[in-house]
Amino acid sequence: MKEYYLGKSKEEALRLLPENKIIEFPTGEESIAVLRTADAIYAFEASCPHRGASLLQGSLHGSEELICPLHRYRFDLKTGQVLAGFCGDLTIYPTELTERGLKILC
Ligand code: FES
């Protein structure tokens, strides 16, 4: 498992993550999507596990469900479990807001 940092401080990480906007975080090996809601920060694979649509254009249902823009499948942002649809679960990466920025493990 590799460790990545978004931003160089806690404040910078929060500045880079406007609330309820999904941003792309390229690691060099893959592209990760990061989303800050009012309650949490989530990191997850940027491509939908159904047919690979970009989840950067996904939308939120409540504060913990992500909706894919292509076929509207829904995923639990805490667990990655598919809640509506027929495909594998979404890969979720652990995050931690630290003094060095947002730590993402993947
Ligand atoms: S590609 Fe995401 S639901 Fe089909």
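An open sheet of four strands, in the order β2-β3-β4-β9, is built with antiparallel pairing, where strands are DSSP runs of E with at least two residues, helices are runs of H or I with at least four, and both are numbered from the N terminus; two strands count as paired if DSSP finds at least two bridges between them. The edges of this sheet are formed by β2 (22–26) and β9 (92–93), each of which pairs on one side only. Between β2 and β3 the antiparallel pairing extends over five bridges, and Pro26 is found opposite Ser31 of β3. The model is a predicted one, in which local features need pLDDT of at least 70 and side-chain atom pairs count only at pLDDT 80 or more, whereas totals for chains, interfaces and linings use all residues. Residues are numbered from 1 along each chain as its sequence is written, and side-chain values use heavy atoms, with hydrogens and water left out.

The protein as a whole contains one helix and eleven strands, which follow one another from the N terminus as β-α-β-β-β-β-β-β-β-β-β-β. The C-alpha trace spans about 40 × 30 × 20 Å along its principal axes. The radius of gyration, taken over C-alpha atoms, is compared with a globule rule of 2.2 Å times the number of residues to the power 0.38; for 106 residues a compact globule would have a value near 13 Å, and the 13 Å of the protein agrees with this. The accessible surface, obtained by the Shrake-Rupley method with a 1.4 Å probe and, for residues, with only the protein chains shown counting as cover, comes to about 5,800 Å², of which carbon and sulfur atoms hold 47%. Of the 106 residues, 40% are buried, a term that stands for under 20% relative accessible area, with exposed meaning over 50% and partly exposed the range in between (1.4 Å probe, protein chains only).

Strand β1 (residues 3–6) shows an alternation of side chains, in that Tyr4 and Leu6 point to one face and are buried, while Glu3 and Tyr5 point to the other face and are not. This strand pairs in the antiparallel sense with β11 (residues 101–105) over four bridges, and Leu6 has Leu102 of β11 as its bridge partner. Lys103 also belongs to β11 and counts as buried because its relative accessibility is 18%. Beyond its neighbours within four places in sequence, Lys103 has contacts (heavy atoms within 4.5 Å) with residues including Glu3, Tyr4 and Tyr5, as well as Pro94 and Thr95.

Tyr4 also takes part in an aromatic pair. Rings of Phe, Tyr and Trp (its six-membered ring) pair if their centres lie within 6.5 Å, with planes under 30 degrees apart counted as stacked, over 60 as edge-to-face and the rest as tilted; by this rule there is one aromatic pair. It is formed by Tyr4 and Phe25 in an edge-to-face arrangement, at 6.3 Å centre to centre and with 75° between the planes. Since Tyr4 lies in strand β1 and Phe25 in strand β2, the pair ties together parts that are 21 residues apart in sequence. Both residues, Tyr4 and Phe25, are buried.

A nonpolar core is a set of buried Ala, Val, Leu, Ile, Met, Phe, Trp, Tyr and Cys residues joined through side-chain atoms within 4.5 Å. The largest such core has 16 residues, of which Phe44, Leu55, Leu66 and Phe75 touch the most other members. At least two residues of this core are supplied by each of β3 (31–36) and β4 (41–45). Apart from it lies another core, of 14 residues, among them Leu17, Val34, Leu102 and Cys106.
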